[in-house]
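Trainee: I am new to this structure. Please take me closely through one part, the place where the ligand sits, and through what stands on either side.

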Amino acid sequence: MNKERINHVPHCLILPYPAQGHMNPMIQFSKRLIQKQVKVTLITVTSLWKTISHKNLSSIEVESISDGYDEGGLSAAESLEIYKETFWRVGSESLSELLQKLSTSENPPNCVIFDAFLPWALDVGKSFGLLGVAFFTQSCSVNSIYFQTHDKFIELPLSKSEYLLPGLPILAQQDLPSFLYKYGSYPGYFDIVVNQFNNIGKADWILANSIYELENEVVDWLVKIWPLKTIGPSIPSMVLDKRLREDKEYGINLSDPNTEFCIKWLNDKPKGSVVYVSFGSMAGLSEDQTHELAYGLKDSESFYLWVVRDCDQTKLPKGFENTSQKGLIVTWCPQLLVLTHEAVGCFVTHCGWNSTLEALSIGVPLIAMPLWTDQVTNAKLIADVWKIGVRAFADEKEIVRSETIKDCIKEIIESEKGSQIKKSALKWKNLAKSSFDEGGRSDKNIEEFVNALAQF
Ligand code: UDP
């Protein structure tokens, strides 16, 4: 560590958007900063603070701000649009009050690392003279597409069948994030992803939870316009060594992870025999799609561990859980523990960015079943660029049929293409680890950031 750092004791505030897929990578990043002698204070919204302040966040201090919905958060709001407007207004005031309070503390913050979904936090941080750092929890490829939409290089509604964008492979219309090719489908989310770039020019740094080698061409293009650094994979170091054994090493779980139950069940399954199935924390399958998936899993005759969240349990075929001896259905699981378990052979995923990076870093092959938002673009890259999985394509009714699911599972587990995918998965796993390890590209980028922080 250099001398300046000892004298200045850098202190970062970390402000994630209040959702599982945003909290996890930003909490993991906080832990990396702490390892590098940075003080970190995590800021959550009050409704979440009540839930997570008791959980193990090791040495991260936690403070809260109001999003205007202290009881219930987003689910208590009339709509996402109203939540977003309220959070912007109330959150700005509440963050200002917190910064005011912290400015008189023994070790006042000198930097705010805010989720790029909350661009107003940059303006608040700047008004207190803090270093302002945007954090992307989605891929650089997807963020570059949203940026070009913001700057009107991509015109909406889409009119071309194919798009050749800087640093990206040729993308068909339906490979672009769903908010673009289904323009108007989720106006609230569309605003959030595009508004990330309203004031991005004022950010001192932009950190992306990605690995340079994964997206090198698009990153090279973006660094010409932004102070961007890749710092991923933002997951616990122990995962990369397959030594993760305790749930407390993982970010946070906003639901009960059923840890013992899942691991005990996996323990007596043969190596590589289990299909892990999860669609993350937000997306819901339709009832028809849930049925097709259920029968696809059953017909594959593989063991499967399937996360069906509480709100989706009623969509399962009646009595399904009892018809198959080979499956375990849980409402939430410790995903990193599951992915690192040697019984797991492949992952049927919605291609959320965290799930994608986690599986890639652990070397688990994917069956890509994207539903919306950035997932469709991630699925394209998974299957055609990184070649770490196969795509389970939907039919004209937008349903992935049971036959397709069964065939994809067989393809990964039994076919020559499956062996190639496993080799490719291993290659990316090694690259992820070397980028993460001391002296690797992501580690150096973090080190560079921390040094700049200490000088600030
Ligand atoms: N996750 C988990 N248990 C589950 C399902 C998901 O711990 O049963 C975690 C997963 O490891 C990932 C996050 O929840 O870190 C989901 O993020 P992702 O970006 O994949 O999807 P999102 O929930 O944002 O759609």
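Mentor: What follows starts with the model, goes on to the ligand, and then takes each side in turn.

This is a predicted model: local features need a pLDDT of at least 70, side-chain atom pairs count only at pLDDT 80 or more, and totals for chains, interfaces and linings use all residues. Residues are numbered from 1 along each chain as its sequence is written. The pLDDT is the predictor's confidence in each residue, from 0 to 100. For the protein chain it averages 93, and 93% of the residues score at least 70. Over residues 1–6 the pLDDT is below 50, and this stretch has eight contacts in the model beyond near neighbours in sequence. Two residues are in contact if their C-beta atoms, placed from the backbone, lie within 7 Å. Where pLDDT is low, the predicted coordinates should not be read in detail. For the complex, the predictor gives an ipTM of 0.99 and a pTM of 0.95.

Now the ligand. It is surrounded by 20 residues, and the closest are Gly 21, Gly 280, Gln 335, Gly 352 and Ser 355. A residue is near a molecule or strand if its C-beta atom, placed from the backbone, lies within 6 Å of it. The elements that give two or more residues to this shell are α2 (20–35), α14 (335–340) and α15 (353–362). Helices (H or I, at least four residues) and strands (E, at least two) are DSSP runs, numbered from the N terminus. With four residues, α15 gives the most to the shell. By class, the shell has eight nonpolar, 11 polar and one charged residues. Here Ala, Val, Leu, Ile, Met, Phe, Trp, Tyr, Cys and Pro count as nonpolar, Asp, Glu, Lys and Arg as charged, and the others, Gly among them, as polar.

Why does the ligand lie between domain 1 and domain 2? Domain 1 (11–250 + 435–455) and domain 2 (256–432) both give residues to the shell, so the ligand lies between them. These domain bounds come from an automatic or database domain assignment. The C-alpha centres of the two domains lie 26 Å apart. Across the boundary, 35 residues of domain 1 are in contact with 29 residues of domain 2. On the side of domain 1 that touches domain 2, at least two residues each come from α2, α6 (140–150), α7 (178–181), α10 (237–240) and α18 (416–436). Of these, α2 gives the most, with four residues. The residues on that side of domain 1 divide into 19 nonpolar, 12 polar and four charged. Helix α2 thus appears twice: in the shell around the ligand and on the side of domain 1 that touches domain 2.

Next come the two sheets. One is an open sheet of seven strands in the order β3-β2-β1-β4-β5-β8-β9, with parallel pairing. Two strands pair if DSSP finds at least two bridges between them. The edge strands β3 (61–65) and β9 (228–230) each pair on one side only. Neighbouring strands are turned by 25 degrees against each other on average, direction ignored. Strand β1 (residues 11–15) is joined to β4 (residues 111–115) by four bridges, and Leu 15 stands opposite Phe 114 in β4. Helix α4 (residues 80–103) lies across β2 (39–45) and β3, at about 135 degrees to β3. Axes are lines fitted to C-alpha atoms, for helices over the stretch in contact, and angles run from 0 to 180 degrees between N-to-C directions. Helix α19 (residues 441–455) lies across β4, β5 (131–136), β8 (205–208) and β9, at about 135 degrees to β9.

The other is an open sheet of six strands in the order β12-β11-β10-β13-β14-β15, also with parallel pairing. Its edge strands are β12 (327–330) and β15 (389–391), each pairing on one side only. The twist averages 15 degrees from one strand to the next. Five bridges pair β10 (residues 274–278) with β13 (residues 344–349) in the parallel sense, and Tyr 276 has Phe 347 in β13 as its bridge partner. Helix α16 (residues 375–385) packs on this sheet, touching β14 (366–368) and β15, and its direction makes about 125 degrees with that of β15. Helix α17 (residues 402–414) lies across β10, β13, β14 and β15, at about 145 degrees to β13.
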